Amino acid sequence: MKPILAIALCVFFLTFNSPAQNPGPAKPEKPVKVIFDTDITGDVDDVLALAMLHTLADRGVCEILAVTISKENELAAPFVDAVNTFYGRPDIPIGIPKDAPHRDSKYLHIINQKDGDKLRYPHDIGISTEPEPAVELIKKTLSKAGENSVTIIQVGLATNIAQLLESEGGIDLVKAKVDHLSVMAGAFQTIRDNNRYLEANVKNHIPSMKTLSDKWPGEVPVIWSGFSIGIAAPFPRESIANDFDYIDHHIVKEAYLAYCGPDHDRPSWDLTSVLYSLFPHRGYFDLSPVGKVRVSDTGFTTFTPAKGPFDRPKNIEKFAAIRKRDRFLLMSPVQSERVKEALVHFVAQPPKDMKVKSAAKTKLIFDTDMGNDVDDAMALAMIHSLEKRGACELLAVTSTKDHPKSAAFIDAVNTFYGRPDVPIGAVKDGTTKELGKFNGLADNYPHDLRSGEDAPDAVALLRKTLASQPDNSVSIAQVGFFTNLSRLLETKGDEHSPLDGVELVKKKVKQLVIMAGAFQTIRYYNDYSEYNVFKDVPSAQKFCEKWPSPLVWSGFEIGIAAPYPWQSVMEDFEYAKPHPIKEAYLDYVPFTPHDRPTWDLTAVLHAVYPDRGYFGLSVKGDVTVEDDGFTIFSPKIKGRDRFMTMTEEQKARVSEALVQLTSEPPR
Ligand SMILES: [Ca+2]
Ligand SMILES: [Ca+2]
Ligand SMILES: [Ca+2]
Ligand SMILES: [Ca+2]
């Protein structure tokens, strides 16, 4: 290779492959004010994207100012109104298009279903009120908004936005009021060896996308989510199958199934535009350099970088005004795992005020040393979010931290999350008798269990809880010391059950997940004696000798490998002030900013979703505990124990799941 060509190529790749040169938009002001422009009729990703906007509004991240529709279908506006009503916002104004192509739909009709004489999905548009013309609604909404305060998310045809730009004063309104335009359209990367892919949102109405590209003002950024992005992060069918049963009829699930049935992972095109626009600073995507998107007569979208080896004076002159307007989203394989996970959690979050039914797939006992590290508090918050979604039922919490405020803090967290009456048991004569760094926060939040001394004995509560449940139905997450569970194994029959501890566990416990021990080399160190073990070695040893059924270990290395991002602590808990989890985090961490390991959270995630592929599992074996607290894992074909593992992709997924579950607001 000639040196000059080599240098030119180097410059090319450095310029084009380094997202670092594009820091992208800064952290937006919350809530992000959104106009959602959608062709809800065709694919179902529009429905999922709208659902996600609602749950993010419930988190205080965005505010939906208006929804405008860019394809003709008389059921589209009533359908949007039904989704908005389902999510508690029947008042959001809805606009319908003029001179847009008609599109049949596979799912809009579901809103006409009735249960008895009542609409299954109530709405009033098309019944007692009429929608407004889209362009008028957009102009009215922009007029009322503050300077540069509105984000337009366009995930269908460009019909409405083109008409806006061609209307009187439209361009000036955009310049004055719009922060950026997020567009799901076009194709900017080679897809399955096709480098001239004609994307449907462009192809189905080329003139309007041309108008958008030609007339959208150069000073208002446009971010394109091309066809390949949504393809690379498809919405998983397993979420549709599992996450929406918190109500008998779910409009999103029903639309999805009507559109493509249960056997498809649908591309997440429209959802990626929403995700980017609401969290441009959270690293879900990288961005191309700035440049200019043009639309050819056949509907292909070309992207020309503003600055690069191909620049010729002629080009610079031609596109000077608008050549720094456009960027498109990029996503690595690891980012796509994270994006997918974020989308699942945002779409699956129940509406704020909905009374959900419990599908209670996992009945959970949480055994914790609440107070010794903040991951216990975050894990408990997660359990409450999972229960809010109907994914688990918290039967009892037992503490192995022998300080009276440990139980009080647990009750304060349970009360904050709307479950003040979850039974709490406290250890007697246990370990770590000092006051935990954040346990005292209990005093600042409502609760009625003031002290662990007023709580039942943890072991008695474990027996009572297990005895009251169906056989083989209880999951336990143990994220502290082995004190309570080893003592449980030594109990005799009592008023709750004639069975001794070992037999009771055999009969009632379905699975046990433990955060303790260390099973893989951590930073070259293969002799790590983990805190939950060494603080009460005799209990850990007795437990390992006697526990009668299969169990899974989340070793020290797992929580280390998927730390909780500081950014989430600072940004995602603002819906309540003060917030016990955020306060506990800040009271606990030794310095800031600080990403805390997620030890206890990973154990809960596996206990509630053992089949969702968040973790790998080791071969079977037996764990024994040495006198210094080291945990030895010996592979054995008929072994009882396995430990969790994680790939790079799983780390990204796990960390995202933990963030979204921990920070989800209570009902
Ligand atoms: Ca309405
Ligand atoms: Ca769409
Ligand atoms: Ca209580
Ligand atoms: Ca713990």
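**Reading domains, cores and a helix face**

Reply: The protein has 26 helices and 23 strands, and since the model is a predicted one, what follows describes that prediction.

Me: What does the radius of gyration of the protein say when it is set against that of a compact globule?

Reply: With 667 residues, a compact globule would have a radius of gyration near 26 Å, and the protein has 27 Å, which agrees. Along its principal axes the C-alpha trace spans about 85 × 75 × 45 Å, and buried residues make up 54% of the 667 residues.

Me: Which domains does the domain assignment give, and how many residues of domain 1 are in contact with domain 2?

Reply: The assignment gives domain 1 as residues 30-348 and domain 2 as residues 362-662, with 41 Å between their centres when these are taken over C-alpha atoms. The size of an interface is often given as the accessible area lost when the parts come together. Here one can instead count residues: 15 residues of domain 1 are in contact with 14 residues of domain 2. Helix 14, residues 333-348, gives the most to the domain 1 side of this contact, with eight residues, and by class that side has five nonpolar, two polar and eight charged residues.

Me: Where should I look for the largest nonpolar core, and which residues have the most contacts inside it?

Reply: In soluble globular proteins, nonpolar side chains tend to be buried together. In this model the largest nonpolar core has 104 residues, and those with the most contacts inside it are Leu 48, Met 52, Leu 53, Val 80, Val 83 and Leu 343. Helix 2, residues 45-58, gives the most to this core, with nine residues. If neighbours within four places in sequence are left aside, Leu 343 is in contact with Met 52, Phe 235, Ser 268, Leu 271 and Leu 275. A second, separate core of 98 residues includes Ile 365, Leu 466, Val 509 and Val 533.

Me: Which residues of helix 21 are buried, and why can they be said to lie on the same side of helix 21?

Reply: A residue is called buried here if 20 or more other C-beta atoms lie within 10 Å of its own, and in helix 21, residues 537-546, the buried ones are Ser 539, Ala 540, Phe 543 and Cys 544. They cover an arc of only 130° around the axis, which puts them on the same side of helix 21. The face turned away from that buried side carries the exposed residues Pro 538 and Glu 545.

Me: What covers the buried residues of helix 21?

Reply: The cover includes helix 18 (483-489), helix 20 (531-534) and strand 21 (621-625).

Note on methods. Residues are numbered from 1 along each chain as its sequence is written. Chains are lettered from A and ligands numbered from 1 in the order in which they are written. This is a predicted model: local features need pLDDT of at least 70, side-chain atom pairs count only at pLDDT 80 or more; totals for chains, interfaces and linings use all residues. Domain bounds come from an automatic or database domain assignment. Two residues are in contact if their C-beta atoms, placed from the backbone, lie within 7 Å. Helices (H or I, at least four residues) and strands (E, at least two) are DSSP runs, numbered from the N terminus. Ala, Val, Leu, Ile, Met, Phe, Trp, Tyr, Cys and Pro count as nonpolar, Asp, Glu, Lys and Arg as charged, and the others, Gly among them, as polar. A residue is buried if 20 or more other C-beta atoms lie within 10 Å of its own, exposed if 12 or fewer, and partly exposed in between; C-beta atoms are placed from the backbone. The arc is that of the directions from the helix axis to the C-beta atoms. A nonpolar core is a set of buried Ala, Val, Leu, Ile, Met, Phe, Trp, Tyr and Cys residues joined through C-beta atoms within 7 Å. The radius of gyration is taken over C-alpha atoms; the globule rule is 2.2 Å times the number of residues to the power 0.38.
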